[in-house]
Amino acid sequence: MPLRKLIAGNWKMHGLSSDLEQVAAIARAAADYPGVDVALCVPAILIERAARAVPGFAIGGQDVHQAEKGAHTGCTSALMLLDAGASLTIVGHSERRDAQRESDSDVKGKAEAALSVGLNVILCVGESLEVRQAGAAVGSVLDQLEASLPSTLAATAALAVAYEPIWAIGTGKIPTSDEIAEMHAAIRQKLRDRFAAAGEKIRILYGGSVKASNATEIFGIADVDGGLVGGASLTAADFMPIVAAAG
Ligand code: PGA
């Protein structure tokens, strides 16, 4: 049985008060697709206002600190996200793994911290172009996943994995359908190996240059249980056709 699809927007460092009207427009339009889970991961400082503006709609963070609290200037804890009204968070996005030098074990800690307070998690993995060209994409992503996955799943929050080839993010390039299918099947097998039957229920999202024009094809691939969408999630006009493609 295919899993219910999750389409999550990642606003990255975009979004001011004036963009809350797009959050509202997306939440309103998402109600027309009751068979699809829709979420927006907005900048931390916008979470509370976004969550208040669209009660019942899933608003998320883009990162979380692994510690419960403490001397971590500029960071946001899982409880803070929850307290602000978030119901999920992204962890391990390649832009953070790269620019903030986050390791697999940091990402694992972040996923565990978020799940432990009841936040749903989207855990990102993906290979560089060099690794893809060297024919090592699947092995490298599985190694990354193995080291980044939480030790156990949570009873009250769901884990999703997002496969995001780094070379496809914001570039307009996407892997072939066969390459996506191969990677998602390998990730599914790894999740089964790690979590047995529960691994079948973990949604595997594809991310990297998802647009209205390619969404139907990507969402039709086996084991693609939704998408993590960056640039095309900033407005309802760009994002809703992608949600519709999953519906
Ligand atoms: P993109 O970003 O859709 O703009 O390629 C995806 C992501 O980084 O999550």
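# Ligand shell, cores and helix 8

Q: Which side-chain contact does His93 make with the ligand?
A: An N or O atom in the His93 side chain sits 2.7 Å from an oxygen atom of the ligand. Polar contact here means a pair of N or O atoms within 3.5 Å; within protein, one must be able to donate a hydrogen and the other to accept it, and residues adjacent in sequence count only if both atoms are side-chain atoms.

Q: How much of the ligand does the protein bury?
A: The ligand alone exposes 290 Å², and the protein buries 94% of that. Areas come from the Shrake-Rupley method with a 1.4 Å probe; for residues, only the protein chains shown count as cover.

Q: What kind of model is this?
A: A predicted one: local features need pLDDT of at least 70, side-chain atom pairs count only at pLDDT 80 or more, and totals for chains, interfaces and linings use all residues. Residues are numbered from 1 along each chain as its sequence is written, and side-chain values use heavy atoms, with hydrogens and water left out.

Q: Back to the ligand. How far is the Lys12 side chain from it?
A: A polar side-chain atom of Lys12 is 2.7 Å from a ligand oxygen atom.

Q: And Asn10?
A: An N or O atom of the Asn10 side chain is 3.5 Å from an oxygen atom of the ligand.

Q: Which residues of the shell come nearest?
A: Lys12, His93, Glu164, Gly170 and Ser209, out of 13 around the ligand. Near means that one heavy atom of the residue lies within 4 Å of the molecule or strand.

Q: How does the shell divide by residue type?
A: Four nonpolar, seven polar and two charged. Ala, Val, Leu, Ile, Met, Phe, Trp, Tyr, Cys and Pro count as nonpolar, Asp, Glu, Lys and Arg as charged, and the others, Gly among them, as polar.

Q: What about the backbone at Lys12?
A: Phi of Lys12 is near 50°, a positive value in a residue other than glycine. Lys12 lies in the loop between strand 1 (6–10) and helix 1. Helices (H or I, at least four residues) and strands (E, at least two) are DSSP runs, numbered from the N terminus.

Q: What is the phi of Ser209?
A: Positive, about 60°, and Ser209 is not a glycine. Ser209 is in the loop between strand 7 and helix 9 (212–219).

Q: Is Ser209 buried or exposed?
A: Ser209 counts as buried because its relative accessibility is 12%. Buried means under 20% relative accessible area, exposed over 50%, partly exposed in between (1.4 Å probe, protein chains only).

Q: Where is Lys211?
A: In the loop between strand 7 and helix 9. Lys211 is partly exposed, at 35% relative accessible area. Leaving aside neighbours within four places in sequence, Lys211 is in contact with Gly172 and Ile242. Contact means heavy atoms within 4.5 Å. Lys211 and Ala245 are 34 residues apart in sequence, yet 9.9 Å apart C-alpha to C-alpha.

Q: New topic. How many residues are in the largest nonpolar core?
A: It has 68 residues; Ile7, Leu40, Phe57, Ile59, Leu123, Ile187 and Phe219 have the most contacts inside it. Helix 1 (residues 20–30) gives the most to this core, with seven residues. Apart from it lies another core of 12 residues, including Cys41 and Leu88. A nonpolar core is a set of buried Ala, Val, Leu, Ile, Met, Phe, Trp, Tyr and Cys residues joined through side-chain atoms within 4.5 Å.

Q: What does Ile187 touch?
A: Beyond neighbours within four places in sequence, Ile187 is in contact with Val125, Val141, Leu142, Leu145, Val161, Tyr163 and Ile204.

Q: Now His184. Where is it?
A: In helix 8 (residues 177–195).

Q: Why does His184 count as buried?
A: Because its relative accessibility is 0%. With neighbours within four places in sequence left out, its contacts include Tyr163, Ile204 and Asp223.

Q: Which contacts does Ile180 make?
A: Again leaving aside neighbours within four places, Ile180 is in contact with Pro175, Tyr206, Ile218, Ile221 and Val224. Ile180 is in helix 8 and is buried, at 1% relative accessibility.

Q: And Ala181, buried or partly exposed?
A: Partly exposed, with a relative accessible area of 27%. Ala181 is in helix 8.
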